[in-house]
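Got the viewer open? Here is a short walk with a few selections to make along the way.

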Amino acid sequence: MAEKEPRQPTHRAYSVIKREGQDDYWLNLGLVFPHKDGGGFNIMLQAFPLDGKIVIREITAEDETQEQQPQQRGKVVGRIQSGQRR
């Protein structure tokens, strides 16, 4: 029997929290894994957004680099500023 290759997440799930006079805060809610047949996804959430909206973004090399660096408490690193679109 062939050994299964572990599935890697391709996207992250976020809740975007609007903050007056500050950049939006992108709260990481969980990870998204594609189905083996490419026809769908499994979304693994660690929390639920208060407003019911979940934003799914593809994981980039920049995201992985930031993940490896220790983040300062309360600091938003590398996220979109108000009024900008990705």
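Rings of Phe, Tyr and Trp (for Trp, the six-membered ring) pair if their centres lie within 6.5 Å; planes under 30 degrees apart count as stacked, over 60 as edge-to-face and the rest as tilted. By that rule, the structure holds 1 aromatic pair.

Before you click, some ground rules. You are looking at a predicted model, where local features need pLDDT of at least 70 and side-chain atom pairs count only at pLDDT 80 or more, while totals for chains, interfaces and linings use all residues. Numbering starts from 1 along each chain as its sequence is written, and side-chain values use heavy atoms, leaving out hydrogens and water.

**First stop: the ring pair.** Which rings are they? Select Tyr14 and Trp26: they sit edge-to-face, 5.5 Å centre to centre, with 75° between the planes. Tyr14 belongs to strand S1 and Trp26 to strand S2, 12 residues apart. (Strands are DSSP runs of E, at least two residues, numbered from the N terminus.) Are these rings buried or exposed? Tyr14 is buried, at 3% relative accessible area, and Trp26 counts as buried too, at 12%. Buried means under 20% relative accessible area, with a 1.4 Å probe and protein chains only.

**Next: strand S1.** Select residues 11-17; 6 of the 7 are buried. Now add S2, residues 25-34: it runs antiparallel to S1, joined by 7 bridges. (Two strands pair if DSSP finds at least two bridges between them.) Along this pairing, look for Val16 opposite Trp26.

**Last stop: strand S4.** Select residues 55-58, which pair with S1 in the antiparallel sense over 4 bridges. Here Arg12 stands opposite Arg57.

Key. Buried < 20%, exposed > 50% of the residue type's maximum accessible area, 1.4 Å probe, protein only.
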